Amino acid sequence: MKLSQRITLVSTGMLFIILVMVNIGIYFVFQYNLLQGEMDRTLDQARAVAAAVSTQPEENPASFIESYVSGDGMVRVLSPEGESLLTVTTQNTQLASIPTPEAAEAQERTESFLFEGLPHASAQVPVLWEAGEVMSLQVVDPLPTYQETLQTLQVVLIFASLIILLPSFLAARSLARFVLRPIQALVATMKQIQADGTFQKIDYDSKGKDELADMGRTFNHMIELLKQNYEKQQQFVSDASHELKTPLTVIDSYAQLLRRRGREKPEVFEEAVEAISSEAARMKEMTNQMLALATGESITVEKEVINTVPVFQGVAQQLATAYERKISVKGESTAYISGNELQLKQLAYLLIENAIKYSEQEVLIQIQKEEPQVNISIIDKGIGISSEDKAQIFDRFYRVDKARTRESGGTGLGLAIAENITAFHQGEIVVESEPGKGSIFTVKLPLVKEGGTEG
Ligand code: ADP
């Protein structure tokens, strides 16, 4: 059974039970009062007859009493032993067959009973009879109006209940629908999400303060979080695959170099083994990060005090060998920052590799301290970047010349990653470039003293 049907049924059912109980209560209280009234009336009548009989004794009391007998009623005089001394009926002579009380006490008493399926009231009062004896005078009256009134009451109560039940049933049904509409929307959205794997939000009353609006808000917030998480994972996977390309290029180039000249030149052998080993370590670290992300662990990137100069020199040396290009590093011999070496190496790879990809001449790396920061400029004399493109090159997947970058293996992620790394180190990247003349990418990072304090 659907929830809306259940809500309607339960609320209407409860109301029905309450109505039945209240109606039964009303019916019995009313019936009791009505019957009591009828019996009091019969008692008054009996008293009146008894008083009349006592004050006006006549030769023939039967005909005198007859004038007091109502339509279908009966008056009879009973001896203390319960024997009927006189019975007067007008229309319904059958009443005389009503059994007399076994002992008719000289006391007032009333009762009601069914006779021939019709309710009757009976009242007994003491009466002074011939020769001054105290007898009992009984008046019996049928109660047709009492029965009719009760029947009318039954009809009225049933109708009144129906009039209450019908609108309350309709109200419960529309309330159930109103309450369940957002839940149905939620279920439909969840099914949609399941079917096409997209992150969808539900429409809800954003100004609402009730639980339903709260539910919509919470659901949409949850979807937003899921979406962000998913996008983060996607980003990491694409960033990581982009990042893995460079170490593989370096390893490949050094392996080729080893094959060609490794046997004759021991210094080439040393350098190649060193480069391959450090690139393998970098790939291992990246793979660990990817695994951590996939298993839901949070990746903590630790910072330490590092000299940026050897980091850039090392990367320049490796890339120079890998791409067989001339790269010179000039300027300071030490420039300490607080950072993560692996990330800093990645930054160097990204910028130097771009300079190699988008130029054909020598690449220069200029490291200059400008307290309280160090400026590391990667200078190339290549194709340069137009001022419109300059604004967008840091966007993910943005490539200036799609055909050319595809040729050179670009994905448009490199500078976005470089900017992230720089931001993580509280620095910034500034670009100066002129199309046809070349580009200068300057990374500005806050300096720290060799011992570890900033300054
Ligand atoms: P890609 O993987 O395509 O190199 P990047 O994010 O590293 O992606 O660079 C984005 C775009 O910026 C490149 O496609 C290229 O057009 C331009 N770009 C980056 N560095 C240079 C540079 N040194 N000289 C000229 N253009 C560059």
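In this predicted model, residues 7-30 form a span that is 100% helix and 0% strand, and its end C-alpha atoms lie 34 Å apart. A second span, residues 152-172, is likewise 100% helix and 0% strand, with 30 Å between its end C-alpha atoms. The UniProt record, an unreviewed entry, places the feature "transmembrane region" at residues 7-30 and 152-172.

**Domains**

The domain assignment divides the protein chain into domain 1 (3-93 + 100-151), domain 2 (199-300) and domain 3 (301-455). Between the C-alpha centres of domain 1 and domain 3 there is a distance of 114 Å.

**Helix packing**

Three pairs of helices are described here, and their geometry is set out in the table.

| Helix pair | Angle | Distance between axes |
|---|---|---|
| α3 (residues 144-196) and α4 (residues 211-262) | about 15° | 10 Å |
| α4 and α6 (residues 308-323) | about 65° | 8 Å |
| α7 (residues 341-357) and α10 (residues 414-424) | about 145° | 9 Å |

How are α3 and α4 oriented to each other? An angle under 35 degrees counts as roughly parallel; α3 and α4 pack at about 15° and are therefore roughly parallel to each other. Their crossing is left-handed. On the α3 side, the contact is made by Phe178, Val179, Pro182, Ile183, Leu186, Thr189, Met190 and Ile193, which meet Leu212, Met215, Phe219 and Ile223 of α4. Sorted by character, the residues of this contact comprise eleven nonpolar, one polar and no charged.

Helix α4 also packs against α6, and this crossing is left-handed. Here Thr246, Thr249, Val250, Ser253, Tyr254 and Leu257 of α4 are in contact with Gln317, Gln318, Leu319, Thr321, Ala322 and Tyr323 of α6. The residues of the contact between α4 and α6 divide into six nonpolar, six polar and no charged.

The remaining pair is α7 and α10. Which way does α7 cross α10, left-handed or right-handed? The crossing of α7 with α10 is left-handed. Gln343, Gln346, Leu347, Leu350, Leu351 and Asn354 in α7 touch Gly414, Leu415, Ile417, Ala418, Ile421, Thr422 and Phe424 in α10. Among the residues of this contact, eight are nonpolar, five are polar and none is charged.

**Summary**

The contact of α3 with α4 has one polar residue, that of α4 with α6 has six, and that of α7 with α10 has five. Charged residues are absent from the contact of α3 with α4, from that of α4 with α6, and from that of α7 with α10.

Note on methods
Residues are numbered from 1 along each chain as its sequence is written. This is a predicted model: local features need pLDDT of at least 70, side-chain atom pairs count only at pLDDT 80 or more; totals for chains, interfaces and linings use all residues. Side-chain values use heavy atoms; hydrogens and water are left out. Axes are lines fitted to C-alpha atoms, for helices over the stretch in contact, and angles run from 0 to 180 degrees between N-to-C directions. Helices (H or I, at least four residues) and strands (E, at least two) are DSSP runs, numbered from the N terminus. Angles under 35 degrees count as roughly parallel, over 145 as roughly antiparallel, 65 to 115 as roughly perpendicular and the rest as oblique. A crossing is left-handed if the near helix is turned anticlockwise from the far one by less than a right angle, and right-handed if clockwise. Contact means heavy atoms within 4.5 Å. Ala, Val, Leu, Ile, Met, Phe, Trp, Tyr, Cys and Pro count as nonpolar, Asp, Glu, Lys and Arg as charged, and the others, Gly among them, as polar. UniProt positions are given in the numbering used here, feature names are shortened, and annotations may be inferred rather than shown by experiment. Domain bounds come from an automatic or database domain assignment.
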